[in-house]
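Hi,

Here is the structure I promised to send over. Have a look at it first, and my notes on what turned up follow below.

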Amino acid sequence: MTVSDSDRLHSQLARYEDMFRGYRMEIVEGNIVMSPLRPFHNETIVRVWTQLEPQLGPEWGFISDVAIPFSDDFEFCPDLAVIPEAEKNRNLTSYPPDLVELAIEVVSPSSVRNDYEVKNKQYAARGIPNYLIFDPRTGHLVTLWNPGPDGYLGRDTLPYGDKLTVETKLGSLTVDTSRLRVDPEAPHPA
């Protein structure tokens, strides 16, 4: 997919961005999906970003909530994505998925299926090497690797609490999960 194709696809949502403040919008399975923004969600993004950024080499940069059009039916805005710094510095409104080396999503009550099922399959099918899911509802980090056509073949679920190291194509990345909050209102598994 070229960037011009990417810009064309992104224009599907661009016309609605100012109409629905306080919501994040994506195209999932051909439908516009709006998710309300929550403080724990944003706090998790900031804390993960600030911990991981110094661990990446200068050739890598983060984008957040920037469109990654996959097709007419799928346009995702990952909470965080690592792409080449030179590409990030182009300051575009959307980027092709083949630039993403690491995708990170933070689960909110309205995004459970999309983060765990839909994006698992779509990110893997497009060859994104690593996918991390931070879940403030359950207090877990799910790390996925080894992408295949039907999803990631490797998966670990790690509880928040200590420093966790995840092996990625970008190297070993460590996150102090004791600094990540768990939503006290969320139902927790027994």
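Keep in mind that this is a predicted model. I began with the aromatic rings, and a search through the whole structure turns up 7 aromatic pairs. One of them is made by tryptophan 49 and phenylalanine 62: the pair is tilted, with 5.5 Å centre to centre and 45° between the planes. Tryptophan 49 belongs to helix H2 (residues 39-52) and phenylalanine 62 to strand E3 (residues 60-63), so this pair ties together parts that are 13 residues apart in sequence. How covered are the two partners, buried or partly exposed? Tryptophan 49 is partly exposed, at 26% relative accessibility, whereas phenylalanine 62 is buried, with a relative accessible area of 4%.

Next, phenylalanine 70 and phenylalanine 76. Their ring centres are 5.1 Å apart and the planes meet at 75°; since planes over 60 degrees apart count as edge-to-face, that is what this pair is called. Phenylalanine 70 is buried, at 6% relative accessibility, and phenylalanine 76 is buried too, at 0%. Both also turn up in a cluster linked by ring pairs, which consists of Phe70, Phe74, Phe76, Tyr123, Tyr131 and Tyr152. Phenylalanine 70 has a charged visitor as well: the charged end of arginine 126 sits over the ring of phenylalanine 70, 5.6 Å from the ring centre.

Now the sheet. Which strands make it up, and in what order? It is an open sheet of 6 strands, arranged E3-E6-E7-E8-E9-E10, and the pairing is mixed. E3 and strand E10 (151-159) stand at the edges with a single partner strand each, so one side of each has no neighbour in the sheet. Averaged over the sheet and ignoring direction, neighbouring strands are turned by 20° against each other. E3, you may recall, is the strand that holds phenylalanine 62.

At the E10 edge, strand E9 (residues 140-148) runs antiparallel to E10, and 8 bridges join the two. They form a hairpin with 2 residues between them. If you want to trace the register on screen, threonine 143 has aspartate 156 in E10 as its bridge partner, and leucine 141 has leucine 158 in E10.

One loop residue is also on my list. Serine 108 is in the loop between strand E7 (102-106) and helix H4 (112-125). What does serine 108 touch, leaving out residues up to four places away in sequence? The answer is His41, Asp115 and Arg137. Serine 108 itself is buried, at 7% relative accessibility.

Finally, the overall numbers for the protein chain. It has 4 helices and 12 strands. Of its 190 residues, 48% are buried. Taking contacts between residues at least 6 apart in sequence, 55% join residues at least 24 apart. The accessible surface comes to about 9,300 Å², and carbon and sulfur atoms account for 50% of that.

If you open the model yourself, I'd begin with the ring cluster around Phe70 and Phe76, then move on to the E9 and E10 hairpin.

Cheers

Definitions and conventions: Residues numbered from 1 in each chain as written. Predicted model: local features only at pLDDT ≥ 70, side-chain atom pairs only at ≥ 80, totals over all residues. Heavy atoms only, no water. Phe/Tyr/Trp six-rings, centres within 6.5 Å; stacked < 30°, edge-to-face > 60°. Buried < 20%, exposed > 50% of the residue type's maximum accessible area, 1.4 Å probe, protein only. Lys NZ or Arg CZ within 6 Å of the ring centre and 35° of its normal. Contact = heavy atoms within 4.5 Å. Areas by Shrake-Rupley, 256 points an atom, 1.4 Å probe, with all protein chains shown as cover. Pairing = 2+ DSSP bridges. Axes fitted to C-alpha atoms, helices over the stretch in contact; angles between N-to-C directions.
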